[in-house]
Amino acid sequence: MFRILLAVFTLALAGCATTPQTAKPAAARPPVILISIDGFRPDYLDRGLTPVLGGLAAGGVRGAMRPSFPSKTFPNHYTLVTGLRPDRHGIVENNIEDPAIPGVTFKMADRQAVRDRRWWDQGEPIWVTAERAGVAAAPMFWPGAEAEVRGVRPAHWLTYDEAMPMEERVDWLLARLDGGERRPGFLTLYFHHIDTAGHDFGPDSPEVDAMLPRVDSAIGRLVAGLGARGLDANILIVADHGMAPLSDARRIFLDDLLPAGAYRYLGAGAILTLYPTPGREGEVAAALLRPHPHMQCWRKADIPARFHYGRNPRVAPFFCLPKTGWVVTTRGYKPRKPERGAHGYDPASPEMAAVFIASGPAFRKGAVLPAFDNVSVYPLLARLLGVKPAANDGRSADTEAALAR
Ligand code: AMP
Ligand code: ZN
Ligand code: ZN
């Protein structure tokens, strides 16, 4: 009897040793938790202010991601969960117009627009892939989570509420794991706080440094809550982009380049999305396309290939990219509060790099990944969840070295 038991035990152990976490059927897997810390640069981890994140990185995998272009919040959050470049998933900017959706401007704060699936339907977010495969999802606060994308609603979601305290966000996630109806296998968390401090005070400010331990301890609360429940989850901690410091000395004034009636713009600052007034395209082209010392503009068809941007009908006819740390604005523009940091710039700028940490049973311990494009997060999520990924721009090879064997 003892010998049989021993044999069964040995077999079970061998099974554990040789079956990678990513080869188990979807239902038997540990939960996958994707956490976005908006605007968190990889180098913030080296400030000695984030012991929980540091511990997760040391006991797991650490890396840096290049955001997709433009390095803005909504485009990159949707890229992280679809594996598609913004030009392909359709959330090409934080503010968007679409000739096929006339009379509406998509804006992050417009709940009606944010809930309209037409804006999101060009991509398939991982929670749709998961739900279709029978894995319940709880993409709390993730851009797109409020819409019925491609006709699928996640089991659990919440209306975006910036005022919800960090601890409550964590507790909401933990409560979903406590069971009840449709216990999720995929969950997300979102923290805007580091991005806000970075915009208001700059990436190197004491205010960012003061916020780092607060977000860190919220993640500590999650880790402790998972531990108390005996849950060994696979956790990915990502950011959508980094943050570059600004200066009043680095401003480009559109009024100096173009007469007021010749154009309108949807977004300005670290990038400019510009629509010429009908009949004045030639004038706009002549003014914008000539060399400028601190900014480069293109017609959408001529945006360099490395940005993978410009084919979507939602991309504005003219696109300008200031040098990292410069902003394009108008002389009349008075911001409600001064801007000391910005993003949206060239994804190759070191300031735009986004943090990547992976921790849990699926991951190696102490591994460091070479920098990779953030389109590769979606195929990794699909692999962790055991679901078939939709067509995407990512590469599994980018994160292969992160996985335990
Ligand atoms: P950005 O303007 O690109 O820096 O975007 C960051 C802002 O996006 C933060 O201040 C967040 O409050 C906001 N945000 C993030 N997620 C959402 C969401 N799901 N719905 C509305 N606003 C959001
Ligand atoms: Zn952001
Ligand atoms: Zn931001």
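Let me start with aspartate 195 and histidine 199, which sit 4 residues apart in helix 9, residues 193–201, and are therefore separated by about one helical turn. Please keep in mind throughout that this is a predicted model. Aspartate 195 has a relative accessible area of 10%, and because the cut-off for buried is under 20%, aspartate 195 counts as buried. Histidine 199, with a relative accessible area of 14%, is buried as well.

So what coordinates the zinc ion that is ligand 3? Asp195 appears twice among the donors, each time through an OD atom, and the remaining positions are taken by the NE2 atoms of His199 and His343, with distances that run from 2.0 to 2.4 Å. Read along the chain, the donors of this zinc ion, ligand 3, have the spacing D-x3-H-x143-H. There is also a zinc ion listed as ligand 2, and the separation between ligand 3 and ligand 2 is 4.0 Å.

Let me now turn to a pair of helices. Helix 2, residues 51–58, and helix 10, residues 206–228, have axes that come within 7 Å of each other and cross at roughly 55 degrees. With that crossing angle, helix 2 is oblique to helix 10. On the side of helix 2 the contact is made by Pro51, Val52, Leu53 and Leu56, while helix 10 contributes Asp216, Ile219, Gly220 and Val223. Sorted by class, this contact between helix 2 and helix 10 comprises 6 nonpolar residues, 1 polar residue and 1 charged residue.

Methods. Residues are numbered from 1 along each chain as its sequence is written. Chains are lettered from A and ligands numbered from 1 in the order in which they are written. This is a predicted model: local features need pLDDT of at least 70, side-chain atom pairs count only at pLDDT 80 or more; totals for chains, interfaces and linings use all residues. Side-chain values use heavy atoms; hydrogens and water are left out. Axes are lines fitted to C-alpha atoms, for helices over the stretch in contact, and angles run from 0 to 180 degrees between N-to-C directions. Helices (H or I, at least four residues) and strands (E, at least two) are DSSP runs, numbered from the N terminus. Angles under 35 degrees count as roughly parallel, over 145 as roughly antiparallel, 65 to 115 as roughly perpendicular and the rest as oblique. Contact means heavy atoms within 4.5 Å. Ala, Val, Leu, Ile, Met, Phe, Trp, Tyr, Cys and Pro count as nonpolar, Asp, Glu, Lys and Arg as charged, and the others, Gly among them, as polar. Donors are N, O and S atoms within 2.8 Å of the metal (3.2 Å for Na, K and Ca); water is not among the atoms, so sites may look incomplete. Buried means under 20% relative accessible area, exposed over 50%, partly exposed in between (1.4 Å probe, protein chains only).
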